[in-house]
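Open your viewer and get ready to select some residues. We will go from stop to stop, and at each one you will see what to pick and what is there.

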Amino acid sequence: MDQVFDIVIIGAGPAGLSAGLYAGRSKMKALILEKDNNGGQIAITHAVENYPGSIENATGPSLTKRMVEQCQSFGTEIVRDTIESLELDGDVKKVIGEKGTYLGKTVIIATGADARKIGCPGEKMFAGKGVSYCATCDADFFEELEVFVVGGGDSAITEALYLTRFARKVTIVHRREGLRANKDSIEIAKADPKIHWKLHKVVKEIKGDGILESIVLEDTRDGELEEIFADEDDGTMGVFVFIGMIPHTELVKDILATDDEGYLITDDEMKTSIPGVFVAGDVRSKKVRQVVTAASDGAVAAISAEHFIFGTP
Ligand SMILES: Cc1cc2nc3c(=O)[nH]c(=O)nc-3n(C[C@H](O)[C@H](O)[C@H](O)COP(=O)(O)OP(=O)(O)OC[C@H]3O[C@@H](n4cnc5c(N)ncnc54)[C@H](O)[C@@H]3O)c2cc1C
């Protein structure tokens with residue numbers, strides 16, 4: 001492709017689509033490159049109820065559809081390609097994919113992050129249907145049910161405490177006796193009557209016939225298996241997995257600075273250390289990773305890119 005775009009955006013999740021919307025609407029020539037389904041993480045999310053304006057049974061796919069249509073209505077192109085490398089020096093940056101090379105005056109990296117998975121049978125089948133990686137997003141669906149929280153770090157304990165506001169019983173499953181979370185939250189969790197513990201255990205399987213009905217735990221000391229079934233009256237249970245996130249930073253691993261957890265560092269305007277290169281969404285170092293914050297980052301990144309090309313008004 002010889003055409004030089006004003007902005008080349010990598011990733012069509014909420015951050016990339018928001019950047020594409022803002023870019024298109026300000027009459028910049030923008031291209032989004034996506035390797036998979038448009039929508040990123042929300043493409044596999046059953047319900048998104050906390051994005052402003054998302055009401056009436058809004059699902060991840062329905063929100064994605066509206067975001068894509070809105071973005072394309074302002075002329076932003078979306079092309080399916082997996083980006084493999086970047087050449088970011090100079091005035092025209094090269095974005096190299098499996099299918100072609102794309103040129104841009106600016107580049108926005110919106111490649112997102114994925115929750116680390118347990119990797120056990122059943123996990124994929126029940127993702128978004130009983131297995132969740134986001135308590136803020138899904139706690140509401142487990143009102144008065146039993147949920148299991150997998151993990152022993154800060155996010156596992158904090159999210160377990162949050163889940164006690166919704167669930168009837170919260171059981172923390174952790175592979176060791178020792179927890180990596182900070183002492184204060186561990187003490188609060190230990191004193192909470194709704195929180196129960198399954199230590200020295202890992203999840204071996206998640207089972208059910210259409211709905212999640214049981215989990216199989218393995219004792220890390222002697223390999224003994226234990227199957228825990230949903231309460232008969234409940235019929236189902238939840239499994240919340242907090243064993244870390246994996247940011248998609250492969251493209252700029254040795255080029256851009258990352259924080260201790262591997263997320264890309266930017267300033268408030270989404271700028272990086274390379275002029276004309278911006279980062280938006282979950283791949284960025286920040287506290288809250290949600291659709292609303294990804295969309296916000298995307299908007300800011302597109303406006304910063306516009307200012308980079310045309311000068312700050
Ligand atoms: C199960 C689940 C439920 C959730 N529920 C909610 C909710 O209810 N409310 C809420 O606010 N948030 C929710 N979240 C969080 C929310 O989905 C994320 O914060 C948001 O999607 C982040 O957007 P993003 O655009 O930064 O990244 P992503 O959504 O991760 O999108 C990144 C995109 O970049 C693409 N990409 C990556 N690398 C490349 C490459 N090399 N070449 C081309 N394309 C590439 C990926 O395929 C992906 O489509 C949920 C997350 C999960 C996993």
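**Stop 1: F148.** Start by selecting F148, which sits in strand β9, residues 146–150. Keep in mind that this is a predicted model. Is F148 buried or exposed? F148 has 26 C-beta neighbours inside 10 Å, so it counts as buried; the cut-off for that is 20 or more. Now add V131 to your selection: F148 and V131 are 17 residues apart in sequence, and their C-alpha atoms are 9.5 Å apart in space.

**Stop 2: a hairpin.** Next, select strand β12 (residues 201–209) and strand β13 (residues 211–219). How do β12 and β13 pair, parallel or antiparallel? They pair in the antiparallel sense, over eight bridges. To see one pairing up close, pick I206, whose bridge partner in β13 is I215. The hairpin leaves one residue between the two strands, and G210 there takes a positive phi near 90°.

**Stop 3: two unusual backbones.** Most residues other than glycine have a negative phi. With that in mind, select K27, which is not a glycine yet has a positive phi of about 65°. You will find K27 in the loop between α1 and β2. K27 is exposed, because 11 other C-beta atoms lie within 10 Å and the cut-off for exposed is 12 or fewer.

Then go to M270, another residue that is not a glycine but has a positive phi, here about 70°. M270 is in the loop between β16 (245–247) and β17. Its surroundings are another matter: M270 is buried, because 28 other C-beta atoms lie within 10 Å.

**Stop 4: strand β1 and its partners.** Select residues 4–10, which form strand β1. How many of its seven residues are buried? Six of them are, leaving the strand mostly covered. Add strand β6, residues 101–109: β1 and β6 run parallel and are joined by six bridges. Here V4 has L103 as its bridge partner in β6.

Now show β2, which pairs with β1 in the parallel sense over four bridges. One spot to zoom in on is V8, whose bridge partner in β2 is L31. Bring in α1 as well, and follow the chain: β1, α1 and β2 make a right-handed β-α-β unit.

**Stop 5: the nonpolar core.** In soluble globular proteins, nonpolar side chains tend to be buried together. In this model, the largest nonpolar core has 47 residues, and those with the most contacts inside it are I7, I9, A19 and I108. Try selecting these four and showing their side chains. The elements that give two or more residues to this core are β1, α1, β2, α2 (60–73), β6, β17 (277–279) and α6. Which of them gives the most? That is α6, with seven residues.

**Stop 6: around the ligand.** Finish at the ligand, which is surrounded by 39 residues; select the closest ones, G11, G13, G40, G112 and G281. The elements that give two or more residues to this shell are α1 (14–25), β2 (30–34), β7 (113–115) and α6 (291–310). Colour the shell by class, and you should count 19 nonpolar, 15 polar and five charged residues. Last, colour by domain: the shell draws at least three residues from each of domain 1 (4–115 + 245–310) and domain 2 (131–241).

Definitions and conventions: Residues are numbered from 1 along each chain as its sequence is written. This is a predicted model: local features need pLDDT of at least 70, side-chain atom pairs count only at pLDDT 80 or more; totals for chains, interfaces and linings use all residues. A residue is near a molecule or strand if its C-beta atom, placed from the backbone, lies within 6 Å of it. Ala, Val, Leu, Ile, Met, Phe, Trp, Tyr, Cys and Pro count as nonpolar, Asp, Glu, Lys and Arg as charged, and the others, Gly among them, as polar. Domain bounds come from an automatic or database domain assignment. Two strands pair if DSSP finds at least two bridges between them. A crossover is right-handed if, with the strands pointing away from the viewer, the path from the first strand over the helix to the second runs clockwise. A nonpolar core is a set of buried Ala, Val, Leu, Ile, Met, Phe, Trp, Tyr and Cys residues joined through C-beta atoms within 7 Å.
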